[in-house]
Amino acid sequence: MDMFPLWNSLRVAAMSSVIVFFLGIFAAVYVSKLNRIAKGVVDVLLTLPLVLPPTVVGYFLLVTVGARRPLGLLLAEFGIQFVMTWYGGVLAASVIAFPLMYRTARGAFESFDETLAYAGQTLGLSGSYIFWRIRMPACRQGILAGFVLAFARALGEFGATIMLIGYTPGRTATISTTVFHLWRIGDDHGAFFWVTINLGISAVVLLTVNMLERKNKRTVIR
């Protein structure tokens, strides 16, 4: 059996998770510094992909980076094309998974005991040192949980992916789009195989999140 959908789904999920990991942390830190009104507006905009139907997000991506759109034409001059390419799947998965990473990172940062940062400042520590050596380690469990959840969301993404890159065997096929294609042609055995693969990976991801949460609770109690 062709295992390309598994390989493609894993690389799309891995690359998009790394992207949203850094973008989510940056956005969480930036938004936390805004005033209340600006924070509310920006937070709504950044969280929209979480509540919009994935097909709607995929439509917006097509309108933005489509081959006949201004941005799409500009990217084409540099040899970049997101429509019907596997890295278009990375873009779609990143947009869908970003709110999970952002919201989780923001929650972790908001629960941080700021007296630790103030103590570091009184000792003459730089802002970057406090962030990377004090704030990040203290928030690492929540941030790692957000990363794992973003990976799981990217791995199972379907709506925006099918809108932007479609289904092409050996080129853009993912587990989700393969299940849909096999169901559509009546291959229930093949569809069930990929559903089982997805269930197994999702179970491992959820177990990882639960382990991180338990570890975080034990750390808080201590």
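Which residues touch the most other members of the largest nonpolar core? In this predicted model, that group is made up of Ile 25, Met 101, Phe 109 and Ile 143, out of 38 core residues. Several helices chip in: helix 1 (4-32), helix 5 (86-110), helix 7 (127-155), helix 9 (175-184) and helix 10 (188-221) each provide at least two residues of this core. There is also a second, separate core of eleven residues, with Val 57, Leu 75, Phe 82 and Ile 96 among them.

Met 101 gives a handy view of the bigger picture. Setting aside its neighbours within four places in sequence, Met 101 is in contact with Val 20, Phe 21, Gly 24 and Ile 25, and also with Ile 143, Gly 146, Phe 147 and Ala 150.

Now for Val 31, which sits in helix 1. Val 31 counts as buried because its relative accessibility is 1%, and the cut-off for buried is under 20%. Once residues up to four places away in sequence are left out, Val 31 touches Lys 39, Val 42, Leu 46 and Tyr 102. As for one of those partners, Val 42 lies eleven residues from Val 31 in sequence, with 7.2 Å between their C-alpha atoms.

Loops can be looked at the same way. Thr 174 belongs to the loop between helix 8 (159-164) and helix 9. With a relative accessible area of 6%, Thr 174 is buried too. Its partners, not counting residues up to four places away in sequence, are Pro 5, Asn 8, Ser 9 and Thr 161.

Note on methods: Residues are numbered from 1 along each chain as its sequence is written. This is a predicted model: local features need pLDDT of at least 70, side-chain atom pairs count only at pLDDT 80 or more; totals for chains, interfaces and linings use all residues. Side-chain values use heavy atoms; hydrogens and water are left out. A nonpolar core is a set of buried Ala, Val, Leu, Ile, Met, Phe, Trp, Tyr and Cys residues joined through side-chain atoms within 4.5 Å. Buried means under 20% relative accessible area, exposed over 50%, partly exposed in between (1.4 Å probe, protein chains only). Helices (H or I, at least four residues) and strands (E, at least two) are DSSP runs, numbered from the N terminus. Contact means heavy atoms within 4.5 Å.
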